[in-house]
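Trainee: I am new to this structure and would like to understand how its descriptions are justified. Could we look at it together?

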Amino acid sequence: MLCPARNDDAARKNRSNAKDKGTMISVSNVTMRYGSKLLFEDVSVTFTPGRRYGLTGPNGAGKSTFMKILTGELEPQKGSVVRPRKLGILRQDQFAFDAYRVIDTVIMGNAGLWSALEERDRIYEKSELTDEDGMRLGELEGIVGDEDGYTAESDAAVLLQGLDIPDELHERRMSELQGGQKVRVLLAQALFGKPEALLLDEPTNHLDLESIHWLREFLLSFQGTLITISHDRHFLNAVTTHTADIDYQTIILYTGGYDDMVVAKTQIRSRLEAENAQREKKIAQLNEFISRFAAGTRSTQVTSRKKEVERLQTAELARSNIQRPFIKFDQLRPSGKHVLEFDSVSKSYGDQSVISGFSAAVMRGEKICLMGRNGVGKTTLLKCLLSGVPEVADKEFSLNSGSVKWGHEAQIGYFPQDVSGVIEHGMTVSDWLHQWDPKVTREEIRGLLGQMLFSGEEGLKPTKALSGGEAARLLFCRLMLLKPNILFLDEPTNHLDLESINALNIALQRYEGTVFLVTHDQDLIEEVGTRLWNFEHGAIEDHKGPYEEWATKN
């Protein structure tokens with residue numbers, strides 16, 4: 001349903017109710033624009049306690065901007081926001097807490113408790129305490145008690161363990177952690193201190209499937225208000241009870257998860273378009289009558305029909321911001337039946353063994369999903385298999401032992417996890433793509449770029465100016481241009497929005513070649529994978545079957 005702007009009295013009443021309830025988040029008449037671009041206008045919406053909202057919309061629609069308005073990080077250009085006292089916020093700056101211990105970073109999620117603990121420590125560090133210090137210590141101990149400060153470290157440790165941050169890292173500095181580990185610590189920070197509302201911007205980024213499952217169960221038991229942005233469709237469908245969709249320069253609330261929203265949104269749009277079409281047909285009939293009899297004797301009827309035309313005047317439907325890419329992977333020619341055989345492949349880094357004597361044979365058309373926690377060796381195995389393929393091999397990477405044998409006519413397309421180093425600078429988007437097959441025409445290059453939302457002049461954009469999502473879409477253009485019969489995709493959804501991920505999902509299901517896919521996106525694993533390589537406890541389980549069958553067994 002569309003959330004219309006409320007009048008001032010209603011807005012004041014809503015703010016009062018929000019204060020009484022304590023955990024409600026209320027937005028009244030909020031407008032935000034950047035230059036000439038209007039993101040949303042006169043938005044009024046209430047996020048109710050006990051409900052879990054997915055905040056959706058295409059890239060550039062204003063999701064992160066709206067989230068910053070909700071957290072108070074950004075002031076709206078018009079309107080007001082009422083929020084509860086305790087907010088849990090997922091911080092995006094991974095380096096802001098580098099000087100602090102991991103356990104302390106989590107406790108900082110309760111700002112009042114952390115402030116009391118710091119002040120208490122400063123007082124205790126004094127060589128002599130005054131009467132005032134003693135009284136203040138009593139007050140601080142009261143705050144610490146009220147905020148469960150005496151169990152803070154153990155409570156924080158439970159959150160960290162659930163997010164796969166082992167005990168031995170809890171005393172380390174944040175600067176010593178890897179990027180994915182930092183994200184999980186910041187997630188624990190947002191969850192700490194029993195917040196009344198959680199605001200999570202892309203909480204599943206850099207999380208493996210097991211951590212995503214843990215987070216899902218945690219959020220399902222959360223009693224307050226949850227608002228989350230995510231490009232993980234499966235996560236949104238599993239967690240959210242409502243969807244706040246930013247489109248048509250407003251925010252529309254729907255009941256249900258992401259898929260429910262898409263169905264309802266399509267139905268509403270179709271109904272409005274049908275109603276408009278019926279009105280336009282009626283107006284055309286009335287105008288024909290008016291033009292035929294305007295100069296005749298039926299002036300009364302003509303006048304009444306003119307009034308009817310004015311009443312029926314069709315509303316111009318706002319354009320949706322959603323852009324859907326079209327991904328289609330073809331093969332220049334199919335590979336042989338036996339795509340790949342490798343025997344006793346091993347790789348270690350120093351004393352740490354990552355891949356130990358893994359062997360397998362892969363047949364044409366298999367779609368293999370590599371699953372497991374971060375850092376267990378999924379990307380390393382891909383590099384092992386590609387080590388003898390000059391076009392895509394990492395020149396600084398070599399096997400410790402084992403053999404890899406590719407079958408007849410194997411043509412490999414590779415999408416690496418880090419897309420930033422693949423696209424050289426100093427070129428336009430169009431020129432960079434054209435170099436991979438100079439025989440194709442410029443019109444074909446433009447058409448391919450258009451499929452991936454590089455429309456018009458965007459083909460002339462310098463490659464150094466590409467965002468992460470644009471770089472990912474350009475790499476998909478290259479794969480579609482080269483038409484390989486084997487795809488190696490290492491976390492390809494990292495920089496994609498929901499529409500692009502859905503397009504990739506469909507394209508991979510329809511692709512007739514062979515796929516090796518590293519992903520934590522459960523929909524992709526369930527709907528694309530025909531075989532699983534699951535990394536766990538230093539070994540790789542080779543399951544010849546879909547995820548549902550594997551999950552039932554495990």
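Trainee: What is the order of the strands in the open sheet of three strands?
Mentor: This is a predicted model, and in it the order is S11-S10-S13, with antiparallel pairing.

Trainee: Why are S10 and S13 said to pair?
Mentor: Two strands pair if DSSP finds at least two bridges between them, and five bridges join strand S10, residues 338–349, to S13, so the two strands count as paired. One of the bridges links Phe342 to its partner Val404 in S13.

Trainee: What makes S11 and S13 the edge strands?
Mentor: Strand S11 (352–363) and strand S13 (401–406) each pair on one side only.

Trainee: Which helix packs on the sheet, and which strands are touched?
Mentor: Helix H12, residues 378–386, packs there and touches S10, S11 and S13, while its direction makes about 120 degrees with that of S10.

Trainee: Why is Leu474 counted as a member of a nonpolar core?
Mentor: A nonpolar core joins buried residues of certain kinds, Leu among them, through side-chain atoms within 4.5 Å. Leu474 belongs to the largest nonpolar core, of 44 residues, so it is a buried residue joined to others in this way. Together with Phe329, Leu433 and Leu508, Leu474 touches the most other members. Leaving aside neighbours within four places in sequence, the contacts of Leu474 include Trp432, Leu433 and Phe454.

Trainee: Which helix gives the most to this core?
Mentor: Helix H15, residues 468–482, does so with nine residues. Apart from this core lies another, of 42 residues, among them Trp114 and Phe235.

Key
Residues are numbered from 1 along each chain as its sequence is written. This is a predicted model: local features need pLDDT of at least 70, side-chain atom pairs count only at pLDDT 80 or more; totals for chains, interfaces and linings use all residues. Side-chain values use heavy atoms; hydrogens and water are left out. Buried means under 20% relative accessible area, exposed over 50%, partly exposed in between (1.4 Å probe, protein chains only). Helices (H or I, at least four residues) and strands (E, at least two) are DSSP runs, numbered from the N terminus. Contact means heavy atoms within 4.5 Å. Axes are lines fitted to C-alpha atoms, for helices over the stretch in contact, and angles run from 0 to 180 degrees between N-to-C directions.
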